Amino acid sequence: MPKFIVSSTRNAPNNMQFCTLFGKVPVQLYSSAIAEPLDIVELSGQDYSDSIKASNITGLKATKEEYLKGLQSSLQGVKPGKIKKLGINPLDSAINAMSGKIGEIAESITASFVAGAPIMFRFHNDGDGTSGAIAIYRALEKLAKELRFDTSNCLWTMNKGVAYTMQSLEYDRLRFSQYNSVMKPLLCIIDFGSVGESSSALKRASGSIDAILIDHHPVQEDFDPSISKHYLNPWLEGFTSDVTAGALACEIAAVISNAKIKELVGASLISDHSEYAQDDKAQVKLASVLDAITTEASYRSANVNPKSIVAIMEDKPKYERIFSEANEQMEEALATGMRHAKPRKVAGITLAVLDYSSISDNRYPYVRHGRFTSIFSDRVEQKYGPSITVVYNKSLYSIRVSKELSEKLALLSLISKMKEETDYITNGGGHNEAASIKLDDEFSAGEFTNIFIKEIESRLSA
Ligand SMILES: [Mn+2]
């Protein structure tokens, strides 16, 4: 009888286990017996569709070499796809320059998937992070169909903050504890993570979890990229945040199994205000729907996964309804914002400051502070020219800087300077055109604004 090696098991209901095995081909089967990784199992039948019983388990164990040979031959049946040309020139050449790492990450995800190792995908809760997650989800669904696998070993979590925290690690460990796998669990982070706080959690995880980070935020000084198995960030490859994490994840999906990515890449570029964003109606619509769904879910503290988002994308009436409601809410919120904003001239440019409490979350569940600030700052810029827009929601300040001012202002260095000079600023981060900070002490708002204005004056008049 043909022999198979157990690669991974997961606890399933009714005292069953869900097993991934290697033989001539990889197979996934339920087992009523307790199978362990590296167990050698004999299976009969043409399609290996029965469940594993105690009598199938030989009592013999495969060696590490035999295991790796089994993995290699299982992977031989997988035909990877290729990097897809997007027809957006500077972006295509940037992706081309990163194609080596994109290929390595695709290979790594494919190997973990075929080995049945648990994979936790954590994606940022916006249109960019979500586009990337959807593309990889679709690629793995396609691969699963080809292998006659299922995708239940892939776990999806929408991530609210910009750090991979200790709490996230605790949660992921709990999910991984349902598995027993030769290959380590894989953590795949999309569109966040390059901050110091992640370093401590990732350091603690290393050894028991392999981590892949696909990010495009500037790498913070206290973040150590070398802790992860793969770290892909355009800033380390000679490019900027305009190459979105979603676009990179989409290309990884294309290499995994030729997934369709063009529209998702477009949505990620629009959602993140990339300079490569195209004026394409369908992509603009997708970007606003993805932003709306993730915003509304974050507002309810609920999780959404790619599967449920894809279901909405395929439900035309629902998709159209979310799009028009999101637009109506955003337009209303912007009009309210323009009425309440207090523009003033600083060093020859416009500084607009808005209290977000004038835009109640309860009235606009599809409108989020950060996303609102981005679009609001566009409107401010249209009306007043080069400008800096600050929208604060209690102690959280969201800041946007017009492109032509961003190099001179150097917002990220300005924030680190303010962090050093005061003791109430935490959690600075983002890009030089878009960043957010948190004030520990809400009474320091007035002082903060004064120092901020002085910094703007000294930098822009220099
Ligand atoms: Mn992003």
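**Figure 1. Phe121 sits in strand E6, which covers residues 119-124.** This is a predicted model, and this close-up starts with one of its phenylalanines. Is Phe121 buried or exposed? It has 26 C-beta neighbours inside 10 Å, and 20 or more are needed to call a residue buried, so Phe121 counts as buried. Leaving out residues up to four places away in sequence, Phe121 touches Ala133, Ile136, Cys154, Leu155, Trp156, Cys188 and Ile190. For a sense of distance, look for Ser358 too: it comes 237 residues away from Phe121 along the chain, and the C-alpha atoms of the two are separated by 36 Å.

**Figure 2. The largest nonpolar core holds 130 residues.** Which residues touch the most other members of this core? They are Phe121, which we just met, and Ala253. The element that gives the most to the core is helix H7 (residues 245-257), with ten residues.

**Figure 3. Here is the protein chain as a whole, before we zoom in again.** The chain has 15 helices and 17 strands. Its C-alpha trace spans about 80 × 45 × 45 Å along the principal axes. How does the radius of gyration fit with a compact globule? For 462 residues, such a globule would come out near 23 Å, and the protein chain has 24 Å, so the two agree. Of the 462 residues, 47% count as buried. Now take the contacts between residues at least 6 apart in sequence: 65% of them join residues at least 24 apart.

**Figure 4. Domain 1 meets domain 2.** The domain assignment splits the protein chain into domain 1 (3-76), domain 2 (89-314) and domain 3 (325-461). The C-alpha centres of domain 1 and domain 2 are 29 Å apart. Where they meet, 15 residues of domain 1 are in contact with 15 residues of domain 2. Which elements supply at least two residues each to the side of domain 1 that touches domain 2? They are strand E1 (3-12), strand E3 (26-31) and helix H1 (64-76). E1 brings the largest share of that side, with five residues. Sorted by class, the side of domain 1 that touches domain 2 has six nonpolar, seven polar and two charged residues.

**Figure 5. Leu38 and Ser301 each have a positive phi without being a glycine.** Start with Leu38, in the loop between E3 and strand E4 (39-42). The phi of Leu38 is about 75 degrees. Because Leu38 has 16 C-beta neighbours inside 10 Å, it counts as partly exposed. Now move to Ser301, where phi is about 55 degrees. Ser301 lies in the loop between helix H9 (281-299) and helix H10 (306-314). What about its surroundings? Ser301 has 7 C-beta neighbours inside 10 Å, and 12 or fewer make a residue exposed, so Ser301 counts as exposed.

**Figure 6. Helix H12 runs from residue 369 to residue 384.** How far does H12 reach from its first C-alpha to its last? With 16 residues, H12 reaches 21 Å, close to the 22 Å expected at 1.5 Å a residue. The buried residues of this helix are Arg371, Phe372, Thr373, Phe376, Ser377, Val380 and Glu381. And what covers them? The cover includes H9, helix H11 (316-340), strand E13 (349-355), strand E14 (387-393) and strand E15 (396-401). Just after H12 comes Gly385, which has a positive phi, near 85 degrees.

**Figure 7. Leu405 belongs to helix H13, made of residues 403-409.** Why does Leu405 count as buried? It has 20 C-beta neighbours inside 10 Å, and the cut-off for a buried residue is 20 or more. Setting aside residues up to four places away in sequence, Leu405 touches Ile349, Pro386, Ile388 and Leu460. Take Pro386 from that list: Leu405 and Pro386 are 19 residues apart in sequence, and their C-alpha atoms are 7.1 Å apart in space.

Notes:
Residues are numbered from 1 along each chain as its sequence is written. This is a predicted model: local features need pLDDT of at least 70, side-chain atom pairs count only at pLDDT 80 or more; totals for chains, interfaces and linings use all residues. A nonpolar core is a set of buried Ala, Val, Leu, Ile, Met, Phe, Trp, Tyr and Cys residues joined through C-beta atoms within 7 Å. Helices (H or I, at least four residues) and strands (E, at least two) are DSSP runs, numbered from the N terminus. Domain bounds come from an automatic or database domain assignment. Two residues are in contact if their C-beta atoms, placed from the backbone, lie within 7 Å. Ala, Val, Leu, Ile, Met, Phe, Trp, Tyr, Cys and Pro count as nonpolar, Asp, Glu, Lys and Arg as charged, and the others, Gly among them, as polar. The expected span of a helix is 1.5 Å times one less than its number of residues. The radius of gyration is taken over C-alpha atoms; the globule rule is 2.2 Å times the number of residues to the power 0.38.
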